[in-house]
Amino acid sequence: MGASLFRLGLINRARTVEFATGLSLRVCGPEDLIITKVFARRERDWDDVEGIVKRQRETLDWSLIQEAVTPLLETIEEPERMARLLKLHS
């Protein structure tokens, strides 16, 4: 899954959440948030990733995460980030 395909999937998987009466926003799911934070290359994003995994470990679609993250990390030549992510999964 390349970057363009990932972006298209991210848009298609987004869901609408009502935050208040008359105020709805489209948001990405936890898997897509993990993927974008792992790819972002910012160390502080790992705290967010860890929190998402702790709260939603049992419901996360790990195959989607791995399928999307692997080629993205290859484009920035940082495949070791996948190992770090998989440690959180175990």
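Among contacts in the protein chain between residues at least 6 apart in sequence, what percentage join residues at least 24 apart? In this predicted model, the share is 54%.

The protein chain contains five helices and two strands. Read from the N terminus, these elements follow the order α-β-β-α-α-α-α; the two strands thus come directly after the helix that opens the series.

As to overall dimensions, the C-alpha atoms occupy a box of roughly 45 × 30 × 25 Å along the principal axes. The radius of gyration of the protein chain is 14 Å, which agrees with a compact globule, because a globule of 90 residues would have a value near 12 Å.

Of the 90 residues in the protein chain, 36% are buried. The accessible surface amounts to about 5,800 Å², and carbon and sulfur atoms account for 53% of that surface. The protein chain carries 14 positive and 15 negative charges, and the mean positions of these two sets lie 3 Å apart.

Confidence in the prediction is summarised below.

| Part of the protein chain | pLDDT |
|---|---|
| Whole protein chain | average of 90 |
| Helix α1 (residues 3–13) | mean of 79 |
| Helix α3 (residues 45–56) | mean of 95 |

A pLDDT of at least 70 is reached by 97% of the residues. Helix α1 has the lowest confidence in the protein chain, whereas helix α3 has the highest. Predicted coordinates should not be read in detail where pLDDT is low.

Methods: Residues are numbered from 1 along each chain as its sequence is written. This is a predicted model: local features need pLDDT of at least 70, side-chain atom pairs count only at pLDDT 80 or more; totals for chains, interfaces and linings use all residues. Side-chain values use heavy atoms; hydrogens and water are left out. Helices (H or I, at least four residues) and strands (E, at least two) are DSSP runs, numbered from the N terminus. The radius of gyration is taken over C-alpha atoms; the globule rule is 2.2 Å times the number of residues to the power 0.38. Buried means under 20% relative accessible area, exposed over 50%, partly exposed in between (1.4 Å probe, protein chains only). Contact means heavy atoms within 4.5 Å. Accessible areas come from the Shrake-Rupley method with a 1.4 Å probe; for residues, only the protein chains shown count as cover. Lys and Arg count as positive and Asp and Glu as negative; His and the chain ends are not counted. The place of a charge is taken as NZ of Lys, CZ of Arg, CG of Asp or CD of Glu. pLDDT is the predictor's confidence in each residue, from 0 to 100.
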